[in-house]
Amino acid sequence: MPKSDLPFGSDFSPTDKDLGHLLELADECGSDWREFERRVRAAYTEDKNTSDSNKNKLSNNTKLGMRSYGLIGPDDATLTELGERLLALRDKPEQMYEEFARHILVNRKGLTLTQCIRDMTTAGEEVTGVTIRRELEERGVYVPVNSRNHFTMRLWLAKAGVFSKDFRLNESRLEEILGTTIESVDALAQLTPEQRAYLRTIASIDTDAPQWSNDLAKLAAAAHGVDFRDQGIPKLVLYPLKEAGFITLERGTKQPGRGAKPFLVKPTDRVRTELVEPLLKQIDEQVLPDLRPWLRRPLSEIRADINSDDRHVRGLALEALAFKLMRLVNLDYVTTRLRGSQTGGAEVDLIFESTRLLFNRWQVQCKNTRRVSLDDVAKEVGLTHMLKSNAIVMLTTGDVGREARRYAAEVMRTSNLCIMMVDGADLRSIEANPASLVDILTREARNAMQVKTLQLDGGN
C-alpha cells in the first residue's frame, strides 16, 4: 500500500502533545533516539490504559511524526534547522506555531489542504474527514482510508489560527502567515506549464534587475524542458504573466543578431523566491489546479463564461462544466485529453470512471458549438477503442443534429456502447435544478436500453 502524501500524524497531534516540550526533549537527547522515545513515553503515554508494547509504539509514532514534518533528522532525534528555529521560539508560542504553520503550508502540502477545504466550503459541500480525503485524492494527494494525517495537519494549522474548530478557514490569517494573498496563489494555479516554468526561472535568478525575455526563455527551456514556440513567447507567456501581476514589461532596444526587439522583464512583489518554487511544486502535483477557482462557482457563471471572448476562458469553462456535471453523479475523474488554452473554446474531452458494482469508463465530450454533427459523434466512437470507454456523453451548449442521433442509435444497436446526449436545453434545466442531471442521464440510458432491446427482439 502506498504511503500517505501528507506527513505522518499518528500520535503527533497538538491535542495531546506540547510541541515546545517535544522539541526540548529532542534537543536534550540528540542522537540517542531510544532515549528520546523513552522520555516521550514517560511524559505522554505511560499513564495510558494499554500494553507496554503499544506504549512503545505510540512513542515511536510521535518520533516518526516529527521526522515526517521535518522537525528531527531521518536517523535519530537530532533537531533539524527548522526544529532548532522553532525551539528558539518556545517561550513565544504564537510565533512558534506561526513559523511551524508556514513550514506546513509551503513545504508539506498544507496549502493543498487549505485550498481543498476552502473550495469545499465555498461550494457548499459537506466537509468531513471522509469527504476531505476523497477531495484530496482527486487533486492527486493520496491519504490512506484509515489515516488521520489530514486531521492532524489541520489541527497544527489551527494552532496558528488558520482554521477554527469547525473547519472554517481564516483567509486573512492564512495570507498573513503565508506572506502572500489567496488571489496570488489562485493566479499561480491558473498558469500554463510554460508560464510556470518561465516564472520559476525568474524567481530562481533572485534579482530585481530587469532580464531579457529571450534569455529567460532559453534558461527556462534548458532548466524545465519546456518548448516555447518561435515568435510566440509574448502571447504565450509574457502577456499572461503581466496581466496576472507577476512581471512588468518594457520594450528593449534591438540586440545585435537577435532579430526582433525583446522585452525587459522585471518581477513584481508577487514573485517571492522562497515561496514561488515550493508553491508551484505543490500546484504541479495537484490534479486540475487551474480549474479549482472555477469549481467554486455556480453553474450559471460557468455557463456564462463559455461564451467569453477569451479563448482560454472558454476552454476552462467548458472543462469546468463537464467536470462539475459528472461529479454531480459521483463519477471519479481520471484525466483530460485536451486542456485549457489547447481547446480554443471548441471542445474538451474528460475521462471518468465508476467502480460501483461494475467498472465503467465514461468519455465526456463537451462542445461549445451550435450543433453536434454525425462526424462529432463518429470521432468519439473511434476514440473508445483507445480509451476503453463503455459510455460516451456528448454535452453541447447547442443542439444535437438528427443525423448524429441516428448514427448514435445505430452504434448502440451494434455494440456495447451507450451514447448519451445532453443539449443546451438540458443544460438550462440543470442550471435551474442540478438534480435534473440524474433524470436526463436516466432518460438517455433508457433510450439506449430501448435501442438495444429492439435489436434483441429483431434477432428472435
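1. Start with helix α1. Its buried residues are L19, G20, L22, L23, L25, A26 and C29. The cover over these buried positions includes α2 (33–45), α3 (52–68), α4 (81–87), α5 (93–107) and α8 (149–159). This is a predicted model, and α1 is where confidence in the protein chain is highest, at a mean of 96.

2. Look next at the two ends of α1. At the N-terminal end, D18 acts as a cap. One of its side-chain oxygens lies 3.0 Å from the backbone nitrogen of G20. G20 is itself among the buried residues of the helix. Just after α1 comes G30, with a positive phi of about 55°.

3. K17 deserves a check. This lysine is found in the segment before α1 (19–29). Is K17 buried or exposed? K17 counts as buried, because its relative accessibility is 6% and the cut-off for buried is under 20%. Its side chain reaches the backbone oxygen of D11 at 3.4 Å. Beyond four places in sequence, K17 is in contact with D11, F12, L22, Y44, T62 and W156. Of these partners, L22 is one of the buried residues of α1.

4. D11 is the other half of that polar pair, its backbone oxygen being what the K17 side chain reaches. D11 is found in the segment before α1. Its phi is positive, about 65°, although D11 is not a glycine. D11 has a relative accessible area of 21%, so it is classed as partly exposed.

5. K388 also has a positive phi. The value is near 60°, in a residue other than glycine. Where is K388 found? It is in the loop between α19 (374–387) and β8 (391–396). K388 counts as exposed because its relative accessibility is 57%; exposed means over 50%.

6. Now the internal space. How many cavities of 30 Å³ or more are there? The count comes to three. The largest cavity has a volume of about 70 Å³. Its lining is made up of 10 residues. T180, L188, R270, L275 and L279 lie nearest its centre.

7. Which helices each supply at least two residues of that lining? They are α10 (182–189) and α14 (273–285). By type, the lining of the largest cavity divides into six nonpolar, two polar and two charged residues. R270 is among the residues nearest the centre, so check its side chain when you view this site, as arginine counts as charged.

8. Overall picture of the protein chain: 22 helices and 10 strands. The chain has 460 residues, and buried residues make up 51% of them. Take the contacts with a separation of 6 or more: 62% are between residues 24 or more positions apart.

9. Confidence varies along the chain. The mean pLDDT is 84, and 88% of residues reach 70 or more. Where is confidence lowest? It is lowest in helix α18 (residues 340–343), at a mean of 39. Over residues 339–346, pLDDT stays under 50. The model still has 23 contacts beyond four places in sequence for that stretch. Where pLDDT is low, the predicted coordinates should not be read in detail.

Note on methods: Residues numbered from 1 in each chain as written. Predicted model: local features only at pLDDT ≥ 70, side-chain atom pairs only at ≥ 80, totals over all residues. Heavy atoms only, no water. 1 Å grid on protein atoms, 1.4 Å probe; cavity = no way out; pocket = protein on both sides within 12 Å on 5 of 7 lines; lining within 4 Å. Points joined across faces, edges and corners; volume = space filled by probe spheres on them. Helix = DSSP H or I, 4+ residues; strand = E, 2+ residues; numbered from the N terminus. Buried < 20%, exposed > 50% of the residue type's maximum accessible area, 1.4 Å probe, protein only. Polar contact = N/O pair within 3.5 Å; in protein donor to acceptor, adjacent residues only side chain to side chain. Contact = heavy atoms within 4.5 Å. pLDDT = per-residue confidence, 0-100.
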